[in-house]
Amino acid sequence: MQQLLDPADVAEAVDGFMAATSAARAWDVETAFDWTAADAGRLTEGQRSAVQFVTIIEDHLPGYFDVYHRSFPVDDTVDPAEFEHNRELYHFTVRWAAEEDTHARALARYQRASGMANRDLLRGELAAEGRKRFDLPYEHPVQFFAYALVQEKATQIYYQHLREVSGDPVLGAVLTRLARDEARHFTFMADMVGRYLRAQGDAAVEPIRDVIAAFRMPLADTMRGYWRWALKIADVASYDHTGAYEHLIKVIDRAVDAKSDRLTELTGFIGECGALAR
Ligand SMILES: [Fe+2]
Ligand SMILES: [Fe+2]
């Protein structure tokens with residue numbers, strides 16, 4: 001991978017993420033919720049459909065995690081300097097992956113406890129989508145963080161909207177935990193994008209622009225019936241990544257004191273992409 005951030009810079013970002021993830025904030029599927037009170041009978045059909053949809057998205061964690069291994073290897077296929085960078089990043093990705101895997105377990109547990117799904121049937125359904133390959137075909141490292149910045153914020157916003165309308169307080173409690181985690185993931189990605197902009201300036205502009213121009217939420221290109229499903233659950237709470245664009249613009253605005261012409265053009269472009277979708 002070309003034009004990597006200095007490992008010391010990555011280490012600082014990781015330290016910030018870990019400090020925001022103190023033991024006091026940690027939670028687990030087993031004890032954080034009153035599963036005996038979970039009741040899918042209190043949800044509308046649209047809300048149940050939304051829960052099924054986000055369970056598939058979260059359950060694809062092995063595919064997402066694998067992208068980091070392929071793109072930032074921690075083995076002898078990279079030289080020592082690149083390894084240093086990738087090893088620092090791995091401290092984040094392995095913690096992040098554990099949290100995302102917990103999200104998948106929490107949603108599957110909700111489906112089971114609330115009477116929405118049988119555990120064995122659900123496992124089979126998830127396997128049909130879960131085994132499909134997920135790929136982010138990026139060449140510049142900042143692109144992975146810009147993509148995840150938008151995706152994490154969009155997911156956080158979606159969970160907050162779904163929580164507001166949820167008829168079951170247990171689902172509401174699950175979504176509250178998930179949304180808080182996604183907010184911390186967003187903060188790390190925003191920190192990384194900001195560091196790239198400060199370290200590389202205009203060289204990071206085109207790669208970020210390419211991410212936004214071709215943006216799709218995870219699994220949009222592989223999940224069976226994705227677009228019909230995404231439209232259907234949008235009735236319940238809007239599932240739209242462009243709501244995250246204003247946050248990306250803020251990250252860019254804050255990263256540098258005086259924006260170059262190219263950065264100004266980039267934020268204009270992102271703003272237009274957001275406005276076009278509304
Ligand atoms: Fe998640
Ligand atoms: Fe996340």
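Reader: In which helix is confidence lowest, and in which is it highest?
Author: Keep in mind that this is a predicted model. Its mean pLDDT is 94, and 99% of the residues reach 70 or more. Where pLDDT is low, the predicted coordinates should not be read in detail. Helix by helix, the lowest mean is 84, in α9 (residues 226–234), while the highest, 98, belongs to α4.

Reader: OK, what's the fold made of, and how many helices and strands are there?
Author: Walk along from the N terminus and each element you meet is an α, right through to the end. The tally for the protein chain is 11 helices and zero strands.

Reader: What radius of gyration does the chain have, set against a compact globule?
Author: Along the principal axes, the C-alpha atoms fill a box of roughly 55 × 45 × 35 Å. A compact globule with 278 residues would come out near 19 Å, so the chain agrees with that rule: its radius of gyration is 19 Å.

Reader: For contacts with a separation of 6 or more, what share comes from residues 24 or more positions apart?
Author: One example of a far-apart pair is G167 and R42, which sit 125 residues apart in sequence but have C-alpha atoms 5.1 Å apart. Over the protein chain, residues 24 or more positions apart supply 84% of those contacts.

Reader: Since you brought up G167, is it buried, partly exposed or exposed?
Author: G167 belongs to the loop between α6 and α7 (169–200). Beyond its sequence neighbours up to four places away, G167 touches R42, L43, T44 and Q47. It has 14 C-beta neighbours inside 10 Å, so G167 counts as partly exposed.

Reader: How many residues of α6 are buried?
Author: Helix α6 covers residues 141–165 and spans 37 Å from first C-alpha to last, close to the expected 36 Å. For scale, 38% of the 278 residues in the chain count as buried. In α6, which is mostly covered, the count is 20 of 25.

Reader: Which residues touch the most other members of the largest nonpolar core?
Author: That core has 74 residues. L149 is one of those with the most partners, and outside its own stretch of sequence it touches F186, M189, A190, V193, L248 and V251. The full set is F145, A146, L149, M189 and V193.

Reader: Q143 is also in α6, so what does it touch away from its sequence neighbours?
Author: Q143 is found in α6, and with 21 C-beta neighbours inside 10 Å it counts as buried. Its C-alpha is 22 Å from that of Y239, 96 residues along the chain. Leaving out residues up to four places away, the partners of Q143 are Y138, P207, D210 and V211.

Reader: Which residues of α10 are exposed on the other side from the buried ones?
Author: In α10 (residues 245–255), the buried residues are Y245, L248, V251 and I252. They cover an arc of only 115 degrees around the axis, which puts them on the same side of the helix. An α-helix has 3.6 residues a turn, so residues three or four places apart point the same way. Across from the buried set, the exposed ones are K250, D253 and R254.

Reader: Which residues does L107 contact, setting aside neighbours within four places?
Author: L107 is part of α4 (residues 80–113), and it counts as buried because it has 25 C-beta neighbours inside 10 Å. L197, 90 residues away in sequence, is 36 Å from L107 by C-alpha. The contacts of L107 are V51, V54, T55 and E58.

Reader: And R209, what does it touch outside its local sequence?
Author: R209 lies in α8 (residues 205–213) and counts as partly exposed because it has 18 C-beta neighbours inside 10 Å. The C-alpha atoms of R209 and T267 are 9.1 Å apart, with their positions 58 residues apart along the chain. Not counting residues up to four places away, R209 touches L266 and F269.

Reader: Any backbone oddity to check: what is phi of L219?
Author: L219 sits in the loop between α8 and α9. It is buried, because 21 other C-beta atoms lie within 10 Å. Its phi is positive, in a residue other than glycine, with a value near 75 degrees.

Methods. Residues are numbered from 1 along each chain as its sequence is written. Chains are lettered from A and ligands numbered from 1 in the order in which they are written. This is a predicted model: local features need pLDDT of at least 70, side-chain atom pairs count only at pLDDT 80 or more; totals for chains, interfaces and linings use all residues. Helices (H or I, at least four residues) and strands (E, at least two) are DSSP runs, numbered from the N terminus. A residue is buried if 20 or more other C-beta atoms lie within 10 Å of its own, exposed if 12 or fewer, and partly exposed in between; C-beta atoms are placed from the backbone. Two residues are in contact if their C-beta atoms, placed from the backbone, lie within 7 Å. A nonpolar core is a set of buried Ala, Val, Leu, Ile, Met, Phe, Trp, Tyr and Cys residues joined through C-beta atoms within 7 Å. The radius of gyration is taken over C-alpha atoms; the globule rule is 2.2 Å times the number of residues to the power 0.38. The arc is that of the directions from the helix axis to the C-beta atoms. pLDDT is the predictor's confidence in each residue, from 0 to 100. The expected span of a helix is 1.5 Å times one less than its number of residues.
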